[in-house]
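Work through these exercises with the model open. Try each task before reading its solution.

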Amino acid sequence: MQTKSIAVLGGDGVGPEVMREAVRVAAAVAERFQRSVRFSEGLVGGSAFDEYGEHLPQATIDLCRSSDAILFGSVGGPVNQAHLPKWRGCEANSILALRKSFALAANIRPARVYQQLRKGCPLKDEILSEGVDLVIIRELLGDVYFGEKVTWIDGGRRYARDVGAYSEDQIAMVARVAFETARKRRGKVTSVDKANVMQTSKLWRDVVREIHGDYSDILLEDMLVDNCALQLVKNPGQFDVIVTSNLFGDILSDLAAALPGSLGLTPSASLNAAGFGLFEPSGGSAPDIAGRGIANPIAQILSAAMMFRFSFDWKDEADALERAVEMTLQDEYRTADIFFEAGRKVSTTEMADHIIERLR
Ligand code: IPM
Ligand code: MG
């Protein structure tokens, strides 16, 4: 039996405690399906800085390189310590460098409102009648994130410039991921850009339309990013798959992550062209609640499900895990962040226990 090796990077704050549970649950899934998995821990973020003086040490990169997938927790420290060297640039140094090192160009961020948790969604009931179940596919290696960055002084005045560029190959790659994703869902792609203003967006729109030629079974619509932000609040039920550039995707995916009612529910995947990927919760390290055993492990657990699905091609395993999470929510087990009305309040570990119970 082939063993899948998983680099486990818990990081900071609640990262290690939700990761512990995700590893336990992932191991239980593997056992049930008679799969062999090996977990190897590495340091990243502030915890790596304490040991190595950097946020993403070479040892961690090497560990990831020798693994089949990266399960990532979260990094970063308390806001009032942001000025300390340990935390300065921590998130960007850790996560942007990993994206770049492993060419993780396609970011998949689902957002769905579980019927059982409707109360947690900040939108009105009548807006939720159609349900919310969408996926944002965000390009991760282009745009202003990795373009030229300069600051200069001229005539005593300060200036700054970030260059945002795209090649047609970069756009084509995520467009294909979006159409393939839509094919397994409801068959609709909304391509989001600012083609009324930006050259990169005009190229984006052209290339997405060209790639659409290979996917005539999928419905494609274009939408301007400002309108998309408005539509996500007024009528999120219209969306199936949204595909967009790096910066727009960053902003829209935070908006979408607010809809389920807690950041503790939403996983994400970042994939390269070969299917290798990094899987992480959408939320941050939440240092304010770290170490208290109350963080919601579901986003981390569902990140493991995405790892099964996208990097290992273990569809049944991913389905079983997602179903177990849904059943646990159905049975009204709630960590503090999703305790909206009735329900049984549970700790981080108890939530994972209930999910494992429902796997059997
Ligand atoms: C995200 C984060 C990162 C990004 C930051 C930490 C650099 O906001 O993953 O969305 O902007 O991509
Ligand atoms: Mg972001």
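**Exercise 1. Classify Asp162 as buried, partly exposed or exposed, and explain why.**

Step 1. Asp162 has a relative accessible area of 46%. Step 2. Buried means under 20%, exposed means over 50%, and partly exposed lies in between (1.4 Å probe, protein chains only). Step 3. Asp162 is therefore partly exposed.

This is a predicted model: local features need pLDDT of at least 70, side-chain atom pairs count only at pLDDT 80 or more, and totals for chains, interfaces and linings use all residues. Residues are numbered from 1 along each chain as its sequence is written, chains are lettered from A and ligands numbered from 1 in the order in which they are written, and side-chain values use heavy atoms, with hydrogens and water left out.

**Exercise 2. Place Asp162 and find which residues it touches.**

Step 1. Locate it: Asp162 belongs to strand β7, residues 157–162. Strands are DSSP runs of E with at least two residues, helices are runs of H or I with at least four, and both are numbered from the N terminus. Step 2. List its contacts (heavy atoms within 4.5 Å). Leaving out residues up to four places away in sequence, Asp162 touches Val144, Glu148 and Lys149. Step 3. Look for a polar contact. That is a pair of N or O atoms within 3.5 Å; within protein, one must be able to donate a hydrogen and the other to accept it, and residues adjacent in sequence count only if both atoms are side-chain atoms. The side chains of Asp162 and Lys149 make one, at 3.3 Å. Step 4. Compare sequence and space: Asp162 and Tyr145 are 17 residues apart in sequence, with their C-alpha atoms 8.2 Å apart.

**Exercise 3. Tyr145 also appears beside ligand 1. Which residues surround this ligand?**

Step 1. Collect residues with a heavy atom within 4 Å of the ligand. They are Glu91, Leu96, Arg99, Arg109, Arg138, Tyr145 and Asp250. Step 2. Check polar side-chain atoms against ligand oxygens. Tyr145 has one at 2.6 Å. For Arg99, a side-chain N or O atom is 2.7 Å from a ligand oxygen. Arg138 places a polar side-chain atom 2.8 Å from an oxygen of ligand 1.

**Exercise 4. Explain why the Phe308 and Phe312 pair is tilted, then extend the cluster.**

Step 1. Apply the rule: rings of Phe, Tyr and Trp (its six-membered ring) pair if their centres lie within 6.5 Å; planes under 30 degrees apart are stacked, over 60 edge-to-face, and the rest tilted. The whole structure holds seven aromatic pairs. Step 2. The centres of Phe308 and Phe312 are 6.3 Å apart and the planes meet at 35°, so this pair is tilted. Step 3. Phe308 also pairs with Trp314, tilted again, at 5.3 Å centre to centre and 35° between the planes. Step 4. Ring pairs thus link Phe308, Phe312 and Trp314 into a cluster. Step 5. Check accessibility. Phe308 is buried at 1%, Trp314 is buried at 4%, and Phe312 is buried at 7%.

**Exercise 5. Where do Ala103 and Glu332 sit, and what is the sign of phi in each?**

Step 1. Ala103 is in the loop between α4 (90–101) and β4 (106–112). Glu332 is in the loop between α10 (315–330) and β13 (333–334). Step 2. Ala103 is not a glycine, yet its phi is positive, about 50°. Glu332, also a residue other than glycine, has a positive phi near 70°. Step 3. Ala103 counts as partly exposed at 40% relative accessibility, and Glu332 counts as partly exposed at 37%.
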